[in-house]
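Good morning, and thank you for coming. Please look at the sequence and the structure as they appear, and keep them in view while I speak.

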Amino acid sequence: MLVDISNLPPSTRVWVYQADRNLSIEEEQSIANELNAFCNGWEAHGKPLQSNFDIRHHRFVLLFVNEDTHAASGCSIDGSVRVMKGLQQQLNIDFFDRTQVAFLLNGKIETIGISKLKNSFADGTLNPQTITFNTLGATKSEIDQNWQLAAEKTWLAKYLPRPVVQ
C-alpha cells in the first residue's frame, strides 16, 4: 500500500539502490511506474505493507517500508529485489555494484571505485570534507538526518591519509 513518505514514521526501513550512472527523466518515469505498482501491491504474508520510494539526484532509488505495522518478510524483500533486478535489466543500469562510492564533486555526482579511494584522497581528488551519500542508512530517520555527509564522518575515514609522525 503506497503511503506518502512524510506519513511514514522515522523507524521505517529503507533500502538504497545506487545506479551506476545518472538516470534520464524517461528512466526515472519507468522506475516510478514500476515502483508505484509494486508498492501498491507489496505484501508480507497476505498483509499489505505501508511503503513508498524516492528517486534522488538522478542516481539513487530509495525503497521504504513501515515495519511498525507489518514487517517485511524474506519473501517480500526478495520481491523488491526482483523488481530492482528487473529494472536493472530493462534499463541497462547496475543497481547492485557495491564497489563504487558516490561523491558530490563540482556539483555533480561522481563514483569512485573502492580500490581507488586511498589514492583519490592522497592526490586531492577527494578530501575529508567531500560530500558522500549514506547508502548504508537502515531507517528513514538515518536517511533524513544523515543523507549527505562529509567523508570524514563515514566509514570512508579509514581511507584518509594519516599524518606522518616524526
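**Sheets, helices and loops**

Strand 1 (residues 13–18) and strand 5 pair in the antiparallel sense, over six bridges. Before I continue, please note that this is a predicted model, in which local features need pLDDT of at least 70, side-chain atom pairs count only at pLDDT 80 or more, and totals for chains, interfaces and linings use all residues. Residues are numbered from 1 along each chain as its sequence is written, and side-chain values use heavy atoms, with hydrogens and water left out.

Some terms come next. Helices (H or I, at least four residues) and strands (E, at least two) are DSSP runs, numbered from the N terminus. Two strands pair if DSSP finds at least two bridges between them. In general, the strands of a sheet pair through backbone hydrogen bonds, either parallel or antiparallel.

Let us return to strand 5. Within the pairing with strand 1, R13 has V65 as its bridge partner, and V16 has L62. Strand 4 is also joined to strand 5 by six bridges, and these two strands run antiparallel. Here S51 has V65 of strand 5 as its bridge partner.

What is the order of the strands in this open sheet of three? The order is 1-5-4, with antiparallel pairing. Strand 1 and strand 4 are the edge strands, each pairing on one side only. From one strand to the next, the twist averages 15 degrees; such angles run from 0 to 180 degrees between N-to-C directions, and the axes are lines fitted to C-alpha atoms, for helices over the stretch in contact.

Two helices pack on this sheet. Helix 1 touches strand 4 and strand 5, and its direction makes about 170 degrees with that of strand 4. Helix 2 touches strand 1 and strand 5, and its direction makes about 20 degrees with that of strand 1. Contact here means heavy atoms within 4.5 Å.

Why is strand 5 described as largely enclosed by the rest of the structure? The reason is that six of the six residues of strand 5 are buried. Buried means under 20% relative accessible area, exposed means over 50%, and partly exposed lies in between (1.4 Å probe, protein chains only). As a general point, in a regular strand the side chains alternate between the two faces of the sheet. In strand 5, F60, L62 and F64 point one way, while V61, L63 and V65 point the other way, and all are buried.

I turn now to the two helices themselves. Helix 1 (residues 25–41) and helix 2 (residues 74–91) pack at an angle of about 155 degrees, with their axes 11 Å apart. Helix 1 is therefore roughly antiparallel to helix 2. For reference, angles under 35 degrees count as roughly parallel, over 145 as roughly antiparallel, 65 to 115 as roughly perpendicular and the rest as oblique. Among the residues that make the contact are I31, L35 and F38 of helix 1 and V83, M84 and L87 of helix 2. The residues of this contact divide into seven nonpolar, five polar and two charged. In this scheme Ala, Val, Leu, Ile, Met, Phe, Trp, Tyr, Cys and Pro count as nonpolar, Asp, Glu, Lys and Arg as charged, and the others, Gly among them, as polar.

There is a further sheet. Four strands form this open sheet in the order 7-6-8-9, and the pairing is antiparallel. Its edge strands are strand 7 (108–113) and strand 9 (148–150), each of which pairs on one side only. Neighbouring strands of this sheet are turned by 40 degrees against each other on average, direction ignored. Strand 8 (residues 131–133) pairs with strand 9 over three bridges in the antiparallel sense, and F133 stands opposite Q148 in strand 9.

Next, the loops. H58 lies in the loop between strand 4 (51–56) and strand 5 (60–65). H58 has a positive phi of about 55 degrees although it is not a glycine, and it is partly exposed, with a relative accessible area of 38%. N106 lies in the loop between strand 6 (100–105) and strand 7. Its phi is near 50 degrees, a positive value in a residue other than glycine. Is N106 buried or exposed? At 82% relative accessibility, N106 counts as exposed.

Finally, consider S120, which is found in helix 3 (residues 117–122). S120 is buried, with a relative accessible area of 8%. Leaving aside its neighbours within four places in sequence, S120 is in contact with I112, T125 and L126.
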